[in-house]
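Me: Pick one part of this structure and take a close look at it for me. Then work outward from there to whatever else ties in.

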Amino acid sequence: MLLFWLCGLPLQAAINQNVDMSPIVKVDMRQHGYHLGDMIEQKVQIQHSATQVLDSKSLPLPGPVTPWLDLKAIKVTPAKTMTVIELRWQIFATVETAQELPMPAFSVNMIGQPAVTVKVPSLTLFQSPVFGHSVNQIVRKPSRPPLMYALTQWQWLTIACLIVSAFAAVTALWLRDRIPGLPFRPGPLLRVKRKMLRADSSADEAALKMVYQALCECAGQTLHNTNINRLFERASYLLVLQPQISEFVVSYSRQAFGYRPIDGQQSADYSSKNPAEMLEQLRTWLPKAVLLERIARNTSRK
């Protein structure tokens with residue numbers, strides 16, 4: 001007996017080596033009575049050896065799997081020789097007539113001794129239409145256009161950041177007086193030019209008065225033919241237009257206040273002019289004076 005037992009050991013080892021160690025897979029699910037939006041409860045049982053463990057990284061991830069099927073949840077219950085995988089699917093499509101649809105197949109890995117790949121087979125389900133099929137011949141309407149894509153939170157945040165950045169950029173340009181149509185702290189000459197654009201062009205005397213008051217504000221006092229140099233001392237940027245501005249101040253003060261020209265100042269350039277002529281000359285040098293004023297104010301703010 002001892003001799004027969006010793007001779008049978010190699011044979012038993014050879015038999016053990018030829019034993020199939022691949023796991024056994026069993027899939028259980030209801031296959032009938034599904035409609036649009038229904039949940040599919042699928043249960044996968046994997047029978048394996050005690051030295052094998054399911055690799056959780058090889059499980060399918062929740063989310064869209066096919067255009068009509070989503071994986072909503074997955075749950076794993078491990079045991080010594082039996083691992084149970086519970087999957088929850090949802091149908092997102094409908095059919096016009098009852099038909100057979102295949103469930104997706106997938107594979108999972110078993111790690112241990114030995115490491116194998118287990119394939120979960122594909123089963124079929126029978127889906128029914130939401131509405132019964134009409135026996136009459138009908139004309140199908142075209143599908144509706146897709147709904148607008150819903151903005152997620154990060155997209156709203158991006159739009160808000162762009163709006164804030166644009167507002168900050170416009171504010172910075174405005175503070176540096178880089179927007180021509182929206183000046184920052186405009187000077188007297190620029191303010192009077194904007195008033196003239198909005199006012200009636202036929203009001204010559206009113207326009208001349210506004211320009212005269214703006215020049216007085218630049219000089220810091222009321223101007224006339226005896227103190228006109230005060231203007232160019234305080235607003236030196238107007239020196240390039242001194243002849244035109246001096247002529248305007250002398251002519252306007254002579255008409256408004258009755259000042260007479262001082263000795264040696266009577267000339268053709270300083271002769272009396274009517275308001276229409278003064279306004280015509282004013283339109284030639286006022287835009288230049290406004291530009292010089294803005295350049296000087298921007299330079300002084302730096």
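Reply: Let's start with strand E4 (residues 63-66) and strand E5 (residues 69-77), which run antiparallel and are joined by three bridges. (Strands are DSSP runs of E with at least two residues, helices of H or I with at least four, numbered from the N terminus; strands pair when DSSP finds at least two bridges between them.) Keep in mind that this is a predicted model: local features need pLDDT of at least 70, side-chain atom pairs count only at pLDDT 80 or more, and totals for chains, interfaces and linings use all residues. Numbering runs from 1 along each chain as its sequence is written, and side-chain values use heavy atoms, without hydrogens or water.

Back to the hairpin: two residues link E4 to E5, and Thr66 sits opposite Leu69 in E5. E5 then makes another hairpin, this one with E6 and with four residues in between. E5 and strand E6 (residues 82-91) are antiparallel too, with eight bridges, and Val76 has Ile85 of E6 as its bridge partner.

There's also an open antiparallel sheet of three strands, ordered E3-E8-E9. Strand E3 (52-54) and strand E9 (116-120) are its edges; each has a single partner strand, so one side of each lacks a neighbour in the sheet. E3 pairs with strand E8 (residues 106-112) over three antiparallel bridges, with Gln52 facing Gly112 of E8.

Now for the helices. The largest nonpolar core has 31 residues, and those touching the most other members are Leu189, Val211, Leu215, Leu231, Ile245, Phe248 and Trp285. (Such a core is a set of buried Ala, Val, Leu, Ile, Met, Phe, Trp, Tyr and Cys joined through side-chain atoms within 4.5 Å; buried is under 20% relative accessible area with a 1.4 Å probe, protein chains only.) Helices H3 (188-198), H4 (204-219), H5 (229-234), H6 (242-257) and H7 (275-301) each supply at least two of its residues, and H4 gives the largest share, nine. Beyond its neighbours within four places in sequence, Leu215 is in contact (heavy atoms within 4.5 Å) with Leu189, Leu223, Leu231, Ile245, Phe248, Val249 and Trp285.

And here's the link back to the hairpins: a second, separate core of 23 residues includes Ile85, the partner of Val76, along with Ile40, Met103 and Val118.

Methods. Buried means under 20% relative accessible area, exposed over 50%, partly exposed in between (1.4 Å probe, protein chains only).
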